[in-house]
Each structure stands twice: as structure tokens, then as C-alpha cells.
Amino acid sequence: MIFMKKIACYALFASIASVYSLNSYADKTVTISTGEYSPWVSKKLKHLGYVSHIVNEAFKREGYTVEFKFFPWKRAYESAKKGEFHATSFWFKSPDREKDFYYSDPVSTEKTVFFHLKTNPLADWNTVADLKDKTIGATTGYTYTKEFWEAGENGTIKISTASSDDKNFKKLLASRVDLFPMGTVAGYGLLADKFDETSLHLITFHPKPLVESTGHLLFSKQKADNEELLKIFNAGLKKLKDEGLDQKWREDLMAGGYKK
């Protein structure tokens, strides 16, 4: 009889603990570091941009709230890496990052292409080595591809870095660089937002992508229980995609629906 009472007590305790745990999860706030990459992510946009909208709504479906903190991209990455935030949004895959982060399922897809002046066209190319006669702008902290950065380090191509995308576009307009790799959606979004219409018409891009990438939410391995948080986010993201909202919101993005 005493044994049965103990079992009943343990069961009751487990049930209470489970309910408490679920309630604490429901009240939990997820902190995410990020940067400016309009129209995907920006403080100036509705819902803080398409990707932030996806991330926020995916967590909401699992009972979480999200706080985004904006920094320069390098700081956003490093602070999350140290465990100062649960996650950082959003990043393309690279082997180096997998050492410090868990990758979510994809939250975006984008083709990175080479923008150039219409007066300085880019001939068809197959490998980055074909670009050896060009000076290429690049934004500090961005992934691009491993081959791209290695080609710059060994002198196969000339890379000139800047701290932001708009600075690289200014260098392109001033003919200080010949090419600048950026996503098509983000590239034209930035040009429309930060530059005048004349500048917009001076620039075009080569259709061959440097890379077609998926963007991911990165969960710091320094945070306890982040593997579980990753599963929770992926579950919410799947629900959102099953509802077709990711495609609907991408159509809104392309139509300028995230502008305030």
C-alpha cells in the first residue's frame, strides 16, 4: 500500500513538473541577434523584414515570443557564438559555423550574383578564376563561398572589402570595384532604398549565380537546451510552411509589401 502511494506521489510530481515545464516554455522569450539586410531583415520594415517575420511566427506557433537585437553582422555573429543570445538570424551554411552553431531548417533561399555597371559588362564565366582581371567588392563577415575567399587569399582574384553593402555599391558606382556579389532581391532592394533612381539604372547583374543559398537561424552551442529549442523552432517552421505562409509572404516581399 505504501509502495503504491509512493508511485502515485511520483506520478503526481512528474505531472506537475511537466505542466510547469510547459508553462515556462510558453512564457519563454527567445533572444536573437541580427543585422541589416533589407528587404530580408531590417528595423525599417514591417515585421522587421521577411525572414524576421518567418522566425517570429514560427516560434509563436510553439508558444514563444522573440526579441530581435540589431548589430553589425560580425558582432551579431560573435555575440551569439559566445552564448549572449539564443540564436542569430540569418546565415548561409559554412563548415566553420557548424562548429559553434546548430542550423535550423531553411528560412529563405536566394541567388547571389555579381552586380556591375552597365558600362563595364561581365563576360560569361565558369569559375572564380575567370574573374582574375576584375576587382571584386565584398562585405566583411559574409559567407559568399569558401572558394571565393580562398581565391582572394591566394591572389587568384582581387577582393576589396567594405563594412557594408551600401559602401560596396558606392565603390561600384565610383568604379573603385568592377563587381559586387549580392543577392538579387536584397541588392535591388538596397539600391531602391539607399540610392537615387539614376544610380539604380546604371547597375545590372550577370545571370550566373556565384551561389544559390539557403538562409538559416543559427542556435548557439553555448546555450543550454538549444538543441531542444532548435527542434521547437523547426516544428513551428514546418507548421508555417504547411499553411503556405512562407510562399505568400515571399510574394508580398517581391511586391514591396514589407515597406512601411
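Good morning. A contact, in what follows, means heavy atoms within 4.5 Å. The model I am presenting is a predicted one.

Let me start with a single residue, Phe 233. Beyond the residues up to four places away in sequence, Phe 233 touches Val 55, Ala 58, Phe 59, Ser 104, Val 107, Leu 217 and Phe 219. Phe 233 is also among the residues with the most contacts inside the largest nonpolar core, together with Ile 32, Trp 40, Phe 59, Phe 114 and Phe 169. That core has 69 residues. In soluble globular proteins, nonpolar side chains tend to be buried together.

For the overall picture, the protein chain has nine helices and ten strands. Of its 260 residues, 45% are buried. Among contacts with a separation of 6 or more, 74% are between residues 24 or more positions apart.

I turn now to the strands, beginning with β1 and β2. These two pair in the parallel sense, over six bridges, and Thr 29 stands opposite Thr 65 in β2. With α2, the two strands make a right-handed β-α-β unit. Strand β2, residues 65-70, has two contrasting faces: Val 66, Phe 68 and Phe 70 form the covered one, while Thr 65, Glu 67 and Lys 69 form the uncovered one.

Strand β5, residues 108-117, deserves more time. Which strands does β5 pair with? One partner is β8, joined to β5 by four bridges and running antiparallel to it. Another is β10, also antiparallel, with five bridges. A further partner is strand β9, residues 203-205, which pairs with β5 in the antiparallel sense over three bridges.

Individual positions let you follow these pairings on the model. Towards β8, Thr 112 stands opposite Gly 183, and Phe 114 has Pro 181 as its bridge partner. Towards β10, Thr 109 is bridged to Thr 214. Towards β9, Leu 117 is bridged to Ile 203. Phe 114 should already be familiar, as one of the residues with the most contacts inside the largest core.

How many of the ten residues of β5 are buried? Eight of them are, so β5 is largely enclosed by the rest of the structure. Its partner β8, residues 180-183, is covered on both faces: Phe 180 and Met 182 are buried on one side, and Pro 181 and Gly 183 are buried on the other.

At the end of strand β10, which spans residues 211-220, we find Ser 220. Is Ser 220 buried or exposed? The cut-off for buried is under 20% relative accessible area, and Ser 220 counts as buried because its relative accessibility is 0%. Leaving aside neighbours within four places in sequence, Ser 220 is in contact with Ala 80, Lys 81, Gly 83, Phe 85, His 86, Asp 100, Phe 101, Tyr 102 and Asn 226.

Next, the aromatic residues. The structure holds 25 aromatic pairs. One of them is formed by Tyr 37 and Phe 90, a tilted pair with 6.1 Å from centre to centre and 50 degrees between the planes. Tyr 37 lies in the loop between β1 and α2, and Phe 90 lies in strand β3, so this pair ties together parts that are 53 residues apart in sequence. Both Tyr 37 and Phe 90 are buried.

A second pair returns us to Phe 233. The ring centres of Phe 219 and Phe 233 are 6.1 Å apart and their planes are at 50 degrees, so this pair is tilted. It links distant parts of the chain, with Phe 219 in strand β10 and Phe 233 in helix α8, 14 residues apart. Phe 219 and Phe 233 are both buried.

There is also an aromatic cluster, whose members are Tyr 37, Trp 40, Tyr 50, Phe 90, Phe 92, Tyr 142, Tyr 144, Phe 148, Trp 149 and Tyr 258. Elsewhere, two lysines lie over ring faces. Lys 93 is over the face of Tyr 103, at 5.6 Å from the ring centre, and Lys 208 is over the face of Trp 125, at 4.9 Å.

I close with helix α8, residues 226-242, where Ala 235 is located. Ala 235 is partly exposed, with a relative accessible area of 32%, whereas Phe 233 of this helix is buried. From C-alpha to C-alpha, Ala 235 and Ala 58 are 7.8 Å apart in space, although 177 residues separate them in sequence. Ala 58 is also one of the residues that Phe 233 touches. Thank you.

Technical notes: Residues are numbered from 1 along each chain as its sequence is written. This is a predicted model: local features need pLDDT of at least 70, side-chain atom pairs count only at pLDDT 80 or more; totals for chains, interfaces and linings use all residues. Side-chain values use heavy atoms; hydrogens and water are left out. A nonpolar core is a set of buried Ala, Val, Leu, Ile, Met, Phe, Trp, Tyr and Cys residues joined through side-chain atoms within 4.5 Å. Buried means under 20% relative accessible area, exposed over 50%, partly exposed in between (1.4 Å probe, protein chains only). Rings of Phe, Tyr and Trp (its six-membered ring) pair if their centres lie within 6.5 Å; planes under 30 degrees apart count as stacked, over 60 as edge-to-face and the rest as tilted. A charge sits over a ring if NZ of Lys or CZ of Arg is within 6 Å of the ring centre and within 35 degrees of the ring normal. Two strands pair if DSSP finds at least two bridges between them. A crossover is right-handed if, with the strands pointing away from the viewer, the path from the first strand over the helix to the second runs clockwise.
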